[in-house]
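This note is intended for a colleague who is meeting the structure for the first time. The points below concern pockets, nonpolar cores and one loop residue.

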Amino acid sequence: MATEIASAPPDQAAAHQVHPHQRERLALSYVVLIITTIFLLLPIVWLVLASFKSDVELSAFPIKVLPEVWRVQNYIDAVTMIDFPRYAGNSVVLATTNASLTVITSALVGFAFARIEAPGRGRLFGLVVALLMVPAVVYVIPQYVVFARIGLVRTWWPWVLWGISASPFHIFLFRQFFSAFPKELEDAAEVDGCSLFRIWWQIFLPNAKPAMAVSFILAFVWVWGDWFSPLLYLTDANTTLAVKLANAYVDPFGNPLITVTLAASILYALPLIVMFFIGQRYILEGVVTTGLKG
């Protein structure tokens with residue numbers, strides 16, 4: 001290798017050489033990344049290990065990292081002490097329905113803001129962005145009153161209507177994504193006689209898989225992890241898994257079963273982890289290709 005570098009032209013030989021300061025900065029960057037990764041993974045590792053312990057062992061001092069006896073029974077109790085499949089199914093259906101509707105409607109509105117020239121478009125988009133700064137607690141009571149008067153409390157209809165009405169953040173996401181598309185795409189489609197809806201449906205939406213994946217994951221996580229809204233609107237029969245996990249695992253005396261709750265929390269987080277690994281390909285594709293197929 002040294003002979004090849006020595007016999008190579010000066011420009012190529014210089015390209016193979018790395019300045020010592022660059023080597024030090026690269027090594028320091030790797031050290032910082034490794035330390036940061038360890039600190040980020042420590043709580044997750046502790047959670048997994050603690051879920052296999054007993055409550056007595058978890059509270060013992062000095063702390064033992066590994067459990068003396070690996071209690072798989074904690075996971076069995078987490079599934080059997082409540083109707084885990086039913087509440088998990090409620091969460092999946094509710095989160096999937098809301099996320100799917102949010103993606104479609106937000107993509108349609110974002111396309112309109114990005115590609116349709118209309119009077120007052122900028123001001124209206126500014127109003128949509130301004131809604132991002134309004135705390136959710138401001139409209140909790142008025143929203144509940146409206147849903148109660150039209151008979152939608154104790155049903156899943158609020159999540160359907162939230163999905164149909166789109167989301168300011170997701171509208172902003174799609175608007176920024178669609179703004180980067182070349183004008184020639186829709187010009188060519190208009191020459192072929194395509195309507196605006198067909199342009200959005202057949203050209204823009206198929207090329208927006210990265211934005212759709214990000215939007216779907218964010219909307220799904222919001223519904224999956226939301227505890228307050230299901231507690232406010234739903235009953236015990238149709239509530240979500242997040243509500244049941246809050247106080248379901250107790251012994252006959254009412255004392256919380258901490259390690260069983262930790263095991264249930266891991267099972268609760270698994271769908272989100274799987275979804276991330278499935279969707280990360282589209283996220284990386286968006287970074288590399290900016291959403292356009294070659």
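1. In this predicted model, the largest pocket holds about 770 Å³ of space. Its lining comprises 23 residues, and those closest to the centre of the pocket are Tyr139, Trp162, Ser167, Pro168 and Trp222.

2. Several helices contribute to the lining of the largest pocket. At least two residues each come from helix 6 (84–115), helix 8 (140–149), helix 10 (168–179), helix 13 (209–225) and helix 14 (228–233). The greatest contribution is that of helix 14, which provides four residues.

3. As to chemical class, 16 residues in the lining of the largest pocket are nonpolar and seven are polar, while none is charged.

4. The second largest pocket has a volume of about 180 Å³. The residues that line this pocket are Val103, Met212, Ala213, Phe216, Ile217, Met275, Ile278, Gly279 and Tyr282. Two or more of the lining residues come from helix 13 and likewise from helix 16 (258–289). By class, the lining of the second largest pocket consists of eight nonpolar residues and one polar residue, with no charged residue.

5. The largest nonpolar core contains 32 residues, of which Phe84, Trp159, Leu241, Leu245 and Tyr249 touch the most other members. Helix 5 (73–80), helix 6, helix 9 (157–164), helix 13, helix 15 (241–247) and helix 16 each give this core at least two residues.

6. Which residues does phenylalanine 84 contact, once its neighbours within four places in sequence are left aside? They are Ala78, Val79, Leu241, Leu245, Tyr249 and Leu267.

7. A second core, separate from the largest one, has 17 residues, among them Val103, Ile199, Ala208 and Ala211. Val103 also belongs to the lining of the second largest pocket.

8. Asparagine 207 deserves separate mention. This residue lies in the loop between helix 12 (196–204) and helix 13. Is asparagine 207 buried or exposed? Its relative accessible area is 15%, and because buried means under 20%, asparagine 207 counts as buried.

9. The side chain of asparagine 207 comes to 2.7 Å from the backbone oxygen of isoleucine 203. Asparagine 207 and phenylalanine 181 are 26 residues apart along the chain, and their C-alpha atoms are separated by 9.4 Å.

Note on methods. Residues numbered from 1 in each chain as written. Predicted model: local features only at pLDDT ≥ 70, side-chain atom pairs only at ≥ 80, totals over all residues. Heavy atoms only, no water. 1 Å grid on protein atoms, 1.4 Å probe; cavity = no way out; pocket = protein on both sides within 12 Å on 5 of 7 lines; lining within 4 Å. Points joined across faces, edges and corners; volume = space filled by probe spheres on them. Nonpolar A, V, L, I, M, F, W, Y, C, P; charged D, E, K, R; others polar. Core = buried A, V, L, I, M, F, W, Y, C linked by side-chain atoms within 4.5 Å. Buried < 20%, exposed > 50% of the residue type's maximum accessible area, 1.4 Å probe, protein only. Contact = heavy atoms within 4.5 Å. Polar contact = N/O pair within 3.5 Å; in protein donor to acceptor, adjacent residues only side chain to side chain.
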